[in-house]
Amino acid sequence: MWRAMLAVAILLAGCAQLPPTPQDIQAKRFEPVPDKAVIYIARATVDSPNAGTIVLGNVGTITTHPRTYYRWEVAPGTHRIEGFGPSTATANVRAEAGKIYYVQHTVHGGIRDGVRGMSIQQISEDTGRRLVNSGQLL
């Protein structure tokens with residue numbers, strides 16, 4: 001019986017969300033940068049429990065988790081976002097200075113079968129803001 005209660009307590013602790021950081025609060029103001037573009041990359045609230053790694057142009061990689069997002073400030077131009085792993089999903093964002101763009105990163109797969117694939121797609125401002133507001137900054 002105590003093992004079942006411990007398992008429930010651990011599951012509930014894993015669902016708890018940490019309070020927002022000052023960086024998270026700032027990012028959720030959705031402020032543009034005059035000489036750069038901003039690209040938000042967000043994971044859905046209902047998504048695979050697995051982490052997903054993506055490559056951000058020539059900058060490096062990030063690993064996303066459900067209910068997380070990343071704010072990427074870039075120079076104007078075309079920027080490639082590419083899945084890393086068992087998927088070849090990509091999205092190219094044509095970014096203009098002073099504008100904000102939203103990209104959804106979705107990971108497919110479960111705990112038992114791991115990451116089977118992923119999708120990366122540019123989404124509307126309304127959908128993007130909703131995902132960011134429900135997530136936590138990486």
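**Results: side-chain packing and sheet layout**

With a relative accessibility of just 3%, Asp24 counts as buried (that is, under 20% relative accessible area; over 50% is exposed and anything in between is partly exposed, using a 1.4 Å probe on protein chains only). The model is a predicted one, where local features need pLDDT of at least 70 and side-chain atom pairs count only at pLDDT 80 or more, while totals for chains, interfaces and linings use all residues. Residues are numbered from 1 along each chain as its sequence is written, and side-chain values use heavy atoms, with hydrogens and water left out.

Asp24 belongs to helix α2, residues 22-27 (helices are DSSP runs of H or I with at least four residues, strands are E runs of at least two, and both are numbered from the N terminus). Leaving aside residues up to four places away in sequence, Asp24 touches Tyr69, Gly135, Gln136 and Leu137 (a contact being heavy atoms within 4.5 Å). With Tyr69 there is also a side-chain polar contact of 2.4 Å (a pair of N or O atoms within 3.5 Å; within protein, one must be able to donate a hydrogen and the other to accept it, and residues adjacent in sequence count only if both atoms are side-chain atoms).

Tyr69 leads on to the rings. Searching the whole structure turns up four aromatic pairs (rings of Phe, Tyr and Trp, the last by its six-membered ring, with centres within 6.5 Å; planes under 30 degrees apart are stacked, over 60 edge-to-face, and the rest tilted). Tyr40 and Tyr69 make a tilted pair, 6.1 Å centre to centre with 45° between the planes. This pair links distant parts of the chain, as Tyr40 sits in strand β1 (residues 37-43) and Tyr69 in β4, 29 residues apart. Both of these tyrosines are buried. Tyr40 also pairs with Tyr102, this time stacked, at 5.5 Å between centres and 10° between planes. Here the link runs from β1 to strand β7 (residues 100-110), spanning 62 residues. Tyr102 is buried, like Tyr40. Ring pairs tie Phe30, Tyr40, Tyr69 and Tyr102 together into a cluster.

What about the nonpolar packing? The largest nonpolar core holds 17 residues, and Ile39, Ile41, Ile54 and Ile81 have the most contacts inside it (a core is a set of buried Ala, Val, Leu, Ile, Met, Phe, Trp, Tyr and Cys residues joined through side-chain atoms within 4.5 Å). Two or more residues each come from β1, β2 (52-56), β4, β6, β7 and β8 (114-123). A second, separate core of twelve residues includes Val38 along with Tyr40, Tyr69 and Tyr102. Back in the first core, Ile81 touches a long list of residues beyond four places in sequence, among them Ile39, Ile41, Ile54, Trp72, Val93, Val103 and Ile120.

As for the sheet, four strands make an open, antiparallel arrangement in the order β3-β2-β5-β6 (two strands pair if DSSP finds at least two bridges between them). β3 and β6 are the edge strands, each pairing on one side only. From one strand to the next the twist averages 25° (axes are lines fitted to C-alpha atoms, for helices over the stretch in contact, and angles between N-to-C directions run from 0 to 180 degrees). The antiparallel strands β5 (residues 77-84) and β6 are joined by six bridges. Gly77 has Ala95 in β6 as its bridge partner, and Thr78 has Arg94.

Side chains in a regular strand alternate between the two faces of the sheet. In β6 (residues 90-95), Ala91, Val93 and Ala95 point to one face and are buried, whereas Thr90, Asn92 and Arg94 point to the other and are not.

Elsewhere, Pro66 lies in the loop between β3 (60-64) and β4 (68-74). Its relative accessibility is 25%, so Pro66 counts as partly exposed. Among the residues that Pro66 touches, sequence neighbours up to four places away aside, are Arg43, Asp47, Pro49 and Asn50. The C-alpha atoms of Pro66 and Asn50 are 7.8 Å apart, with their positions 16 residues apart along the chain.

Overall, the protein chain has three helices and nine strands, running α-α-β-β-β-β-β-β-β-β-α-β from the N terminus. Of its 138 residues, 36% are buried. Among contacts with a separation of 6 or more, 63% are between residues 24 or more positions apart.
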